[in-house]
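Biologist: I should be grateful for a close look at the internal cavities of this protein, with some account of the parts around them. Please treat the matter in one connected answer.

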Amino acid sequence: MWKVVSLILPLVMLCAQGASGKEEQEAQHVGHVSVVIVGGTGDLAKKYLWQGFFQLYINEVSSGYTFSFYGGGLSPEAKATPALFEILKGVSCPEDVPVEQCALLKEQFLRLSKYWQLKTTEEYLALAKHIDQELKEEGMKEAGRLFYLSVPAFAYADVADKINSSCRPVSGAWLRVVFEKPFGHDFGSAQTLSTQLRNSLKEEEMYRIDHYLGKQVVSKILPFRKENKKFLDPIWNTHHIERVEIVLKETLDVKGRIPFYDQYGAIRDVLQNHLTEVMTLLTMRVPQNLSGSEVLQNKLQIFSSLYPLGRHQAVIGQYQAYNAEVQKELNKTKDYHSFTPTFAAVIAHIDMAQYDGLPIIVTSGKMLDERVGYARVLFKNDVFCIQNSDNIHCKRKQIVFYFGHGSLQHPAILVTKNLFKPSLIDSDWKEVTQHKDVDILGLPVSDYYIQAPKVERDAYAELISQFFAGRKDSFISTENLLASWGLWTPLLDSLAQSYPRIYPGGVDNGNLLDFHLKGKELKYASEAVVMIMPDKLQGSTTDNYHVMQGKFRSADMVSAWAEELVEQLAVDLQAAAEAALNEGGVFHLALSGGSSPLALFQRLAQHHFSFPWRDTHLWMVDERCVPLTEQESNFHNLHNLLLQRIRIPYYNIHPMPVQLNQRLCVEEDGGALLYEKEITQLVNGSSFHFVILGVGYDGHTASLFPGGKVDGHADSLVVLTESTIKPHQRMSLTLKAINRAHNVALLVMGKGKHEVITQLSRVKDDLNKWPVTGVHPTNGRLVWYIDYDALLG
């Protein structure tokens, strides 16, 4: 292989931007580098990595380095080689490289590249022997080996172990192993992964890549701050800065990526890594050496100074179609609901005198109105204009680090002309004086001094050149990784069962996701949220929504958009509670399981602060036969979403006794009889004041299922039942207990329930086939709460 390349190399070195004779002589001692992309035919490699390494090759071809490139993968060589070379044919040269030279460089790059199956330890060992043999045959000195792991995170430890045991270079040559995010799922998993990797690799050999640190504007935040130190030092503090915003908005959904995304969501996918790195660059002390270890140490100081993040520091949302996409791609049933946020906004504060009380807002989301990313430092304006409000000094003062896209369409750093004229960062950047007629964050572009890179470069190409040079400052150290997860994990835990605000997507979002700062907390600006309308109701706008009153199956019906429907049910529930207290001093409420009441729990916890919880007894309509601490337990959901957020006496809470004598729902243990006895002792006439039920796709309610001899429970209030889906065993109130209630609410939401609502509107009472048709309160009132999606489809 090398004999062919050695004939071409001198010609390329003459064509390329050459070094002086002295530099060329020194470069000959640099040596040979073997580049291995593990996952070399994958999507990331195809889109970015091979192009980035080709750019590296172009940059370094005249420096004295020689190269070999390997695309590693699990597939056999005969199958994967054609795929690899199709990818390699697609690489391109920068515009300043002449066509003839580019063709020569591409031909040479292809000759230096090879596919290698990397599945077993023996195959890694064979690769090492192949590299050693080529070096020996050509008389080349080895400079180092570079492994880029473009594989799932669960494979990192295994691949690192194989590299360590079988593919390390000889003494004197370096080893660099690059890892793609995610680096764990939370603090514990990140710590475990770090420990596993340290068993195989040294800290200086590991490069955790965050491609945002390779974006040209992000990489120039520190140089900009240093170059403009005399202007920024007096104003880079809480006395002059109003707030800092770090924003990444996307218009796309996550279809096709659900198996990954549903495990991570907006916070783990973007905030914990990309935007947190930007935050540290904006707030850290500017180091003397911008390419040294001091960068990482100063970032660590910021992490140690950040106030803890909890659920009051965040708002989350989920675009409306997401849950259906999850059900389809993860093969979930229609009653499955994902809590994964596709939108998140978080407010952070730093415990340092320089930033005391200064809000830092970090936000990102899918299915928003535009694709844009930026970091904005908004300054306080102490000029009050009496007449000429258009004067430049009257306008907002801000510095914008514009990552790209949006109305500007290119990366840039913008400084309003009422602040200062910034110094040019370096010779690779230019001042932009000709502008499009666009607005940037509320100001015409002509109100800014603008700097932009002369040539736009890909983030991966930038980072590849940095880890090739052994620079660590643009990568994530183990210390900084764990510090970041230490900040974000408590927030993620507190939001795990929080119901995200549903938004339709795109421009239809309107002001649904607007939020406001309240001290050190974030809250949505609007309390009432309207879901996007079905086509059948497109005659009005989302501002004209209202609650409909009607009849369904001869009973009262309330219908509205989902969130307003839940709001109405919560209002009706509180009214019933207050009426019961006025009459008898106590309120008995029975709640069903399933997904339907989850939004109600959240509504009650967040908005009904005057609800009389102290005089309310909470009962369960039904329960799965699992320990109450497990996520499948109905009581577990009730506890996480409601009980831990309200003040209710513990003796007023009545979970179903599904676990007795260390056994689950064994009839001989008498759990159903025990619960029935508790009801008869505490509930006057065994008549609950309010019972909230749902309806399953098969027409079941509570845990009373079709074919379960529902009409055979006439003498009992509580029974054990069987479900067709796991966990099969359940405990449930009977129709006798339900129909004794003063008020019964049947809550039905979602397009998935449209078919069962249609069927129920036509069928007659048939308890064994449609158990819900047996709900007829003897001396009470039944109300169906049906959202527009379930009612109209």
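Modeller: What follows describes the cavities, then one sheet, and then three individual residues. The model is predicted, and every value given here is computed from it.

To begin with the empty space: rolling a probe the size of a water molecule over the atoms shows where such space is left. The count comes to 6 cavities of 30 Å³ or more. The largest cavity holds about 140 Å³ of space, and the second largest has a volume of about 60 Å³.

The largest cavity is lined by 17 residues. Lys181, Phe183, Gln272, Asn273 and Leu481 are the lining residues that lie nearest its centre. Two elements, α12 (258–283) and α16 (478–495), give two or more residues to this lining. Helix α12 provides the largest share, with 7 residues. By class, the lining of the largest cavity comprises 7 nonpolar, 5 polar and 5 charged residues.

The second largest cavity has a lining that can be listed in full: Leu591, Ser592, Gly593, Gly594, Pro597, Leu598, Phe601, Met620, Asn634, Asn637 and Leu638. Here α18 (598–607) and α19 (634–641) each supply at least two residues, and the largest share, 3 residues, comes from α19. The lining of the second largest cavity has 6 nonpolar and 5 polar residues, and no charged residues. Charged residues do, by contrast, enter the lining of the largest cavity, where they number 5.

The sheet may be taken next. In general, strands of a sheet pair through backbone hydrogen bonds, either parallel or antiparallel. In this model, 6 strands form an open sheet with parallel pairing, and their order is β3-β2-β1-β4-β5-β6. The edges are occupied by β3 (113–117) and β6 (206–209); each has a single partner strand, so one side of each is left without a neighbour in the sheet. From one strand to the next, the twist averages 20°.

The partner of the edge strand β6 is β5, as the strand order shows. Strand β5 covers residues 174–180 and pairs with β6 in the parallel sense over 4 bridges. Within this pair, glutamate 180 stands opposite isoleucine 209 of β6.

Three residues elsewhere complete the account. Threonine 340 is placed in the loop between α14 (322–329) and β9 (343–348). Its relative accessible area is 11%, and threonine 340 is therefore buried, the cut-off being under 20%. The side chain of threonine 340 makes a polar contact with the side chain of serine 338, at 3.1 Å.

Asparagine 323 is found in helix α14, the helix at one end of the loop that holds threonine 340. Asparagine 323 is likewise buried, with a relative accessible area of 11%. From asparagine 323 to lysine 119 the separation is 204 residues in sequence and 36 Å in space, C-alpha to C-alpha.

Glycine 699 lies in the loop between β29 (690–693) and β30 (718–722). Glycine 699 counts as buried because its relative accessibility is 0%. The C-alpha atoms of glycine 699 and cysteine 167 are separated by 61 Å, and the two residues are 532 residues apart along the chain.

How values were computed
Residues numbered from 1 in each chain as written. Predicted model: local features only at pLDDT ≥ 70, side-chain atom pairs only at ≥ 80, totals over all residues. Heavy atoms only, no water. Pairing = 2+ DSSP bridges. Axes fitted to C-alpha atoms, helices over the stretch in contact; angles between N-to-C directions. 1 Å grid on protein atoms, 1.4 Å probe; cavity = no way out; pocket = protein on both sides within 12 Å on 5 of 7 lines; lining within 4 Å. Points joined across faces, edges and corners; volume = space filled by probe spheres on them. Nonpolar A, V, L, I, M, F, W, Y, C, P; charged D, E, K, R; others polar. Buried < 20%, exposed > 50% of the residue type's maximum accessible area, 1.4 Å probe, protein only. Polar contact = N/O pair within 3.5 Å; in protein donor to acceptor, adjacent residues only side chain to side chain.
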